[in-house]
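The following exchange works through one protein model by question and answer. Each reply gives its reasoning before it closes on the value or name requested.

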Amino acid sequence: MSNLNAIQLTGVSKSFDGFLALSQADFTARWGEVHALLGENGAGKSSLMNIA
């Protein structure tokens, strides 16, 4: 079977001025799926999507 992932992020880490915004984050979405990324302010949602 072929790979049906539209996007796959694995083990993503990001820090700003020594503050760890993301630590080993994973995100996968397949073609045709709809996802909502939820979390508190400062949880790293925008950082993860900017990397994507």
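Q: Which residue of E2 does Lys-14 stand opposite?
A: In this predicted model, strand E1 covers residues 5-16 and strand E2 covers residues 19-30. The two strands pair in the antiparallel sense over 8 bridges. Within this pairing, the residue of E2 opposite Lys-14 is Leu-22.

Q: Which residue stands opposite Asn-5?
A: Asn-5 falls within the range of E1, residues 5-16, and the partner strand E2 runs over residues 19-30. The residue of E2 that stands opposite Asn-5 is Arg-30.

Q: How many residues lie between E1 and E2 in the hairpin?
A: E1 ends at residue 16 and E2 begins at residue 19. The two strands form a hairpin, with Asp-17 in the turn. The number of residues between the strands is 2.

Q: What is the phi of Asp-17?
A: Asp-17 lies in the loop between E1 and E2. With a relative accessible area of 86%, over the 50% limit, Asp-17 counts as exposed. Most residues other than glycine have a negative phi. Asp-17 is not a glycine, yet its phi is positive, near 50 degrees.

Q: Is Gln-24 buried or exposed?
A: Gln-24 is placed in strand E2 and has a positive phi of about 55 degrees although it is not a glycine. Its relative accessible area is 55%, and the limit for the exposed class is over 50%. Gln-24 is therefore exposed.

Q: What pattern does the protein follow along the sequence?
A: The secondary structure comes to 1 helix and 2 strands. E1 (residues 5-16) and E2 (residues 19-30) are the strands, and H1 (45-51) is the helix. Read along the sequence, the pattern is β-β-α.

Q: Which element gives the largest share of the largest nonpolar core?
A: This core has 7 residues: Leu-9, Val-12, Leu-22, Ala-25, Phe-27, Ala-29 and Leu-48. The elements that give two or more residues to it are E1 and E2. The largest share, 4 residues, comes from E2.

Q: Which residues does Phe-27 touch, leaving aside those up to four places away in sequence?
A: Phe-27 is one of the residues of the largest nonpolar core, as are Leu-9 and Leu-48. Both of these core residues are among its contacts. The full set is Ile-7, Gln-8, Leu-9, His-35, Leu-48 and Met-49.

Q: Is Ser-47 buried or exposed?
A: Ser-47 lies in helix H1. Beyond residues up to four places away in sequence, Ser-47 touches Phe-16, Ala-21 and Leu-22. Its relative accessible area is 15%, and under 20% is the condition for the buried class. Ser-47 is therefore buried.

Q: How far apart in space are Leu-37 and Leu-48, C-alpha to C-alpha?
A: Leu-37 lies in the loop between E2 and helix H1 and is partly exposed, with a relative accessible area of 37%. Not counting residues up to four places away in sequence, Leu-37 touches Lys-45, Leu-48 and Met-49. Leu-37 and Leu-48 are 11 residues apart in sequence, and their distance in space is 9.7 Å.

Q: At what distance does a polar contact join the side chains of Glu-33 and His-35?
A: Glu-33 is found in the loop between E2 and H1, where it counts as partly exposed at 42% relative accessibility. A polar atom of the Glu-33 side chain lies 3.0 Å from the backbone nitrogen of Arg-30. The polar contact between the side chains of Glu-33 and His-35 is at 2.8 Å.

Q: How far apart in space are Glu-33 and Gly-18, C-alpha to C-alpha?
A: Along its principal axes, the C-alpha trace spans about 40 × 20 × 15 Å. Glu-33 and Gly-18 are 15 residues apart in sequence, and their separation in space is 35 Å.

Q: What radius of gyration does the protein have?
A: The protein has 52 residues, of which 19% count as buried. A compact globule of 52 residues would have a radius of gyration near 10 Å. The protein itself has 13 Å.

Key:
Residues numbered from 1 in each chain as written. Predicted model: local features only at pLDDT ≥ 70, side-chain atom pairs only at ≥ 80, totals over all residues. Heavy atoms only, no water. Pairing = 2+ DSSP bridges. Rg over C-alpha atoms; globule rule 2.2 N^0.38 Å. Buried < 20%, exposed > 50% of the residue type's maximum accessible area, 1.4 Å probe, protein only. Contact = heavy atoms within 4.5 Å. Core = buried A, V, L, I, M, F, W, Y, C linked by side-chain atoms within 4.5 Å. Polar contact = N/O pair within 3.5 Å; in protein donor to acceptor, adjacent residues only side chain to side chain.
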